[in-house]
Structure formats: structure tokens, C-alpha cells
Amino acid sequence: MFKKQHIKKLAVVCIALVLIIVSVPLVTGAGGFQELFSLDTQSNNDAQELGLLGDANQDGQVTVIDATTIQKHLVELLTLDDIGMLLADVNEDGTVSVMDATLIQRWVAKIDDDTNINTILNQKENPGTDADDESTQPTAATEAGSSSEEETQPATDSACNLQFSKYGIYTGAYVEDGTDDYVENVAVLMVTNISDKYLEYAVVTFDISGTPAAFTVTGLAPGETAWVLEQNKLVIEEDAEFTYMDDITTFADDNSKEALGVDVTLGDGQLTVENNKDEDLKSVYVYYKLRHTDGNFLGGITYRVPMGDLAKGESASAVAVHCDGKNCEVVRIDWEG
């Protein structure tokens, strides 16, 4: 069993932003997570005139959601209205850019308090800012990310298809290579698929305190989240600093063929597949992932079990070493044809 320990929520990050870790006491154990980031939000409902500088979504408070709102605006997932544009321009340079989102995240994390963020903004304080002026409108998504992101991601996939919401240290069974070897203090990243497509494969790269780090995740349906361990078992310290570098992704419209009529039963160390379709199936494969006790998947790895050919009405069983019938879940069924 894996035990979740000392988990604190982190800001949403879906575009290349430099984030600095807030140190916390080291708390680890067998199968435990130690989260390195702790971002505390502040609320202020006394907004007057235009509102609070930084409150891009105009909900009366400045939080990491405002940084995400700016990021989505920059990649054209949403459009800020006139007031939102004024409030989002936290460095007051007359434009809304990824720098404004970064400044909000740093302010929320209490890394940089020397700003006007969370102060009341009115039109007189910013006479040179006009949301209808072309100079305040982002003209391309390139403002929100690096050129390498655009080269490696298909045009149909935005920079925000994956959400990296928690970073930390993991101690327990190393699942990513199937060995389940015991490891301590390995870098871990929480990845969520916030697209409407099935994530077949992704490699996310970070710089962790000057050391390159890579996190590979496969088989993630829309809305699903996985704790992904660094693929080279990188050991990190509690004061490690994570900096997003790049990601390469492959998405599919759905996660399997029409599986209605193909029934899978998960047992202790094995699975059974029954073909109740009105056709023979050739080269059937079942893919499954492990669930952590917190409800998220544990590991970016997706295990594949070959079932061979299944005639109509036939069933077959196969070994599924990592599945005990309770901690695993089928994420895909596939066959030839």
C-alpha cells in the first residue's frame, strides 16, 4: 500500500513559467509523497472602481486562477473583456503577456510582494491603458510559450492540454519501469489531462535545480490525473527548484475501439476477457493503470496485457502481475481490424 503524506495544493501551471519552490519540512515514508510547493491565496472582496489589480477573472480576489485565466487568454482559449484586460496588466506596461501571469503566481506564492497586485485599480490610475487599443491585445499564441513548444505540439493541441499542478518527492515502489524497486526521495510530478482527447503519450521535461528531468505519461483519459515519477529515478532535496522546459504530446480522439460487448474482469494478479461481440477479435490487448489511495493514478506507466485471438463467445485469462483487482483500472482495450 502507498500512503499519501503532507500533501498541499499547488497552483495550476500549463504554460512555460518559472516557479520557485517554497521549502517545507521533510516528511516522507514508505509509499509517501512530500509536496514541495505551498501556495496560499488571499481574498479581498472590497474591490472598488475597476477592481483589484491582478483579478483577471473578476471574482473579487487575486489567486492562481487569475494567472491561468491570463494564460488561456494568450492561447485564445478565452477572451478577456475590457476590464479584465486592465486588471490582468499587473506590470502596467500596456500589454497582457505571460509576464503578468508569472508575476501573479510569484505574488500568490509570497515570492515577490513588491508589486501593486491586489490593490484597487481605477481608470484614473492608468490613463494610458485602453483595452480597446490594439497595443493591449495579444496578437499570437507565441506570447504564451516558447518556440520549442509550438514545434513539438500539433496545431490542434494548445499549450494547456496538460496541467502540472503538484510537484514533490516520492518514497516507495518505483512503478515506472515495472520493477517496483524501492526508492527514496525521487522527483514526482502530478499531471492532469485537461483536454477532451485521450493522451496516448507525453514526455514532460523540467530543470530541477540545474539537473535535466523527464516525466513520461501514457494512457490518460480526459480529466484523469496521474502521479508521474521521474524516469531516471532522480533523487532531489527538499529545497529543489522545478522549472518547466518543454513537453511533447500525442493525443487520440478516443481511448479504444468500441468496447461494448468486450468484458474484462480484474482479479488478484490476473485478468479475464470475454468476447460477447458478434464477431471474432484478433490480437486483443488490454491496457491498465494503477490507482493510488488518493484516487489518482500512480505512475505514468500503462501496463499492456496480450490476450491473443478471441472468437465470438470465447473468454481467456492472462497474468496481470501488478494488478490485485482493487488498485488497478482498465483504460483501453484494442484489437486488430
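A nonpolar core is a set of buried Ala, Val, Leu, Ile, Met, Phe, Trp, Tyr and Cys residues joined through side-chain atoms within 4.5 Å. In this predicted model, the largest such core has 30 residues. L271, Y288 and M307 touch the most other members of that core. A second, separate core has 28 residues. Helix packing, an open sheet and two loop residues with positive phi are also covered below.

**Nonpolar cores**

- Seven strands are named as suppliers of at least two residues each to the largest core: β6, β7, β10, β13 (270-275), β14 (281-290), β16 (303-310) and β18 (328-336).
- Strand β14 gives the most to this core, with 5 residues.
- M307 contacts L271, V273, V284, V286, A316, S317 and A318, leaving aside its neighbours within four places in sequence.
- L271 thus appears twice: as a contact of M307, and with M307 among the residues that touch the most other core members.
- The second core includes F215, L220, L234 and A240.

**Helix packing**

- Helix α1 (residues 64-74) packs with helix α3 (residues 98-108) at an angle of about 170 degrees.
- Angles over 145 degrees count as roughly antiparallel, so α1 is roughly antiparallel to α3.
- The two axes are 8 Å apart.
- On the α1 side, the contact is made by V64, D66, A67, I70, Q71 and L74.
- On the α3 side, V98, D100, A101, I104, Q105 and V108 make the contact.
- By class, this contact has 8 nonpolar, 2 polar and 2 charged residues.

**Open sheet**

- Three strands form an open sheet in the order β9-β8-β11, and their pairing is antiparallel.
- β9 (211-220) and β11 are the edge strands. Each has a single partner strand, so one side of each lacks a neighbour in the sheet.
- On average, neighbouring strands are turned by 15 degrees against each other, direction ignored.
- Strand β8 (residues 198-208) runs antiparallel to β11, and 10 bridges join the two.
- A202 stands opposite T249 in β11.

**Loop residues with positive phi**

- D180 is not a glycine, yet its phi is positive, near 60 degrees.
- D180 sits in the loop between β6 (162-174) and β7 (181-193).
- Partly exposed covers the range between 20% and 50% relative accessible area, so D180, at 36% relative accessibility, counts as partly exposed.
- K233 is likewise not a glycine and has a positive phi of about 60 degrees.
- The loop that holds K233 lies between β10 (225-229) and β11 (242-252).
- K233 has a relative accessible area of 29%, so it is partly exposed.

Note on methods
Residues are numbered from 1 along each chain as its sequence is written. This is a predicted model: local features need pLDDT of at least 70, side-chain atom pairs count only at pLDDT 80 or more; totals for chains, interfaces and linings use all residues. Side-chain values use heavy atoms; hydrogens and water are left out. Axes are lines fitted to C-alpha atoms, for helices over the stretch in contact, and angles run from 0 to 180 degrees between N-to-C directions. Helices (H or I, at least four residues) and strands (E, at least two) are DSSP runs, numbered from the N terminus. Angles under 35 degrees count as roughly parallel, over 145 as roughly antiparallel, 65 to 115 as roughly perpendicular and the rest as oblique. Contact means heavy atoms within 4.5 Å. Ala, Val, Leu, Ile, Met, Phe, Trp, Tyr, Cys and Pro count as nonpolar, Asp, Glu, Lys and Arg as charged, and the others, Gly among them, as polar. Buried means under 20% relative accessible area, exposed over 50%, partly exposed in between (1.4 Å probe, protein chains only). Two strands pair if DSSP finds at least two bridges between them.
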